[in-house]
Amino acid sequence: MYSRTLVQAPERIIENGKINFGSFYGVSKTVDIRGVKAPFAGVPTSTFFSNFRIKSRIAFAFSVSNYIGLAEFFDDKLFGLAEVIFWDKNTGKKYAYHTFMGPSRRFVPIDAQESMCTSYAPRYIKISWSRKRHKLSLSFTVIGDKFRPAAKAKFLARFGYDEKAEMLSVSPSPTMQRCSASWIVPLAFEGGLAMAKHRHYIKEIPQEKGLGLMMLNRTYLKPRSSSEVMFGIVNLKGKNITFMYSTSTQAALDEDTYNDNMLSIDGEITAMPPVTITHPFGLSKKWIAQDTEGMVDLTFNPISLNSRTLNIVLMRNAYTTIYGSFEGVLVSKDGEKIVLKNCPGIVKKSHIRL
C-alpha cells in the first residue's frame with residue numbers, strides 16, 4: 001500500500017536559497033517561498049520579478065447544519081479577489097458573493113502563527129488564526145440584493161494544540177527550481193450561518209457544530225495554468241472525515257513523492273497518493289477520482305454549478321465551483337476503509353492566464 005511519511009516541518013521553507021521539499025506535519029513559522037535562487041530555467045532574475053510570479057490563495061471549505069460552502073481569497077499582488085459561495089444542502093440553492101480588492105502589498109499573509117486575511121467592503125470576509133489564543137475562525141457579512149438575501153456567518157475552531165493535525169506540503173512546481181507550498185488544516189468548529197432580506201434583520205447567529213478545512217497555498221505560477229481540487233466534509237459514524245484531492249498543471253513531475261492530497265480522520269492525517277480526476281461527460285455530470293494504489297475510488301455527482309470569468313488588468317481567471325456529493329471508498333494509512341455515500345463536497349475547476 002502507498003505510504004508517504006510526514007516528518008516535522010522545517011523552521012523555514014526556503015533556507016539559503018534552497019527549497020525544503022517534502023511532506024510535513026505542523027507548519028513552518030511562515031508560509032513564505034521567496035528567496036529561491038534562479039527559479040526560472042536557472043537564469044538569475046531580479047527579486048522583484050521572481051517574487052511577482054508568486055501567487056497566493058487561501059480557502060476555507062465548511063459544512064454546518066444545512067449549508068456547505070467555500071470562502072476564498074486570491075492574491076495577485078496587483079489586486080485581490082474574495083468570494084463566498086454556499087449552498088443549501090436540502091434544496092441545492094446557491095448563494096454567491098464576490099468582491100474585488102485594489103492594489104496592496106499582500107492580501108494573503110505569510111505568518112502561520114498569528115495573522116488574518118480580510119476584505120472590508122462592500123462585503124466583509126475574514127479568515128484569521130492565532131496559536132497563542134488557540135483560535136482559527138471564518139466570519140463574513142455579505143449584503144443582499146433583489147436576487148440574493150444578506151448573510152452573516154461566524155465559525156470558530158480550536159487550533160494549534162496538536163501540530164500533527166496540520167499538514168505542510170512543499171512540492172516542485174513542476175521542476176525542482178520552483179515550488180508550491182500548501183498549509184492544510186482540518187477543522188471542527190462551532191458557529192452558524194443566518195440569512196435575511198437585510199443584514200440588519202439578522203440579530204443572532206446559530207451556534208452549531210460544523211466541520212471544515214483551511215488551505216493556504218503559495219506557488220510560482222506559470223503564465224497559463226489549470227487545476228481541479230476536491231473538498232469532502234462529513235461526520236460518518238461519529239468520526240470527522242475531511243479530505244482534499246487535486247490535479248494541476250503545476251503538479252510535480254514526481255507526484256508519488258510530492259503532492260497535496262490528504263485524508264483526515266478525527267485529526268489524524270494520511271498523506272494520500274496522486275489521483276486522476278476526470279469528468280468524461282462534462283462538468284455537470286459524474287466526476288471520477290481514482291489512484292493506482294487502491295486508496296482512492298470516488299465518484300462525484302454534481303448538484304449545482306457556479307461559473308465565472310474575470311478579466312482584470314493582465315489576468316484572466318475562469319473558474320467553476322460545484323456543489324455535489326461523493327460516493328466511494330477511501331483507505332487511510334492504517335488500512336481503515338471509509339465508505340462514503342451522499343457525502344457533501346465541493347469541486348473547483350479553474351484556468352488562470354497571466
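Two residues are said to be in contact when heavy atoms of theirs lie within 4.5 Å of each other. Keep that in mind for the first view of this predicted model.

**View 1. Ala 61 and the residues it touches.** Let us start in strand β5, residues 54–64, where Ala 61 has its place. Which residues does Ala 61 touch, leaving aside those up to four places away in sequence? They are Gly 69, Leu 70, Leu 211, Gly 212, Leu 213, Phe 231 and Ile 233. Ala 61 counts as buried because its relative accessibility is 0%, and the cut-off for buried is under 20%.

**View 2. Ala 61 and Val 108, in sequence and in space.** Along the chain, 47 residues separate Ala 61 from Val 108. In space, their C-alpha atoms are 16 Å apart.

**View 3. The hairpin of strands β10 and β11.** Here β10 (residues 124–130) runs antiparallel to β11, and seven bridges join the two. To find your way across the pair, pick out Ile 125, whose bridge partner in β11 is Phe 140. Four residues lie between the strands of this hairpin, and His 134 takes a positive phi near 55°.

**View 4. Strand β11 and its pairing with β12.** How much of β11, residues 135–142, is covered? The strand is mostly covered, with six of its eight residues buried. Strand β12 (residues 150–158) pairs with β11 over eight bridges, again a pairing in the antiparallel sense. A handy landmark here is Val 142, which has Ala 151 of β12 as its bridge partner.

Technical notes: Residues are numbered from 1 along each chain as its sequence is written. This is a predicted model: local features need pLDDT of at least 70, side-chain atom pairs count only at pLDDT 80 or more; totals for chains, interfaces and linings use all residues. Side-chain values use heavy atoms; hydrogens and water are left out. Buried means under 20% relative accessible area, exposed over 50%, partly exposed in between (1.4 Å probe, protein chains only). Two strands pair if DSSP finds at least two bridges between them.
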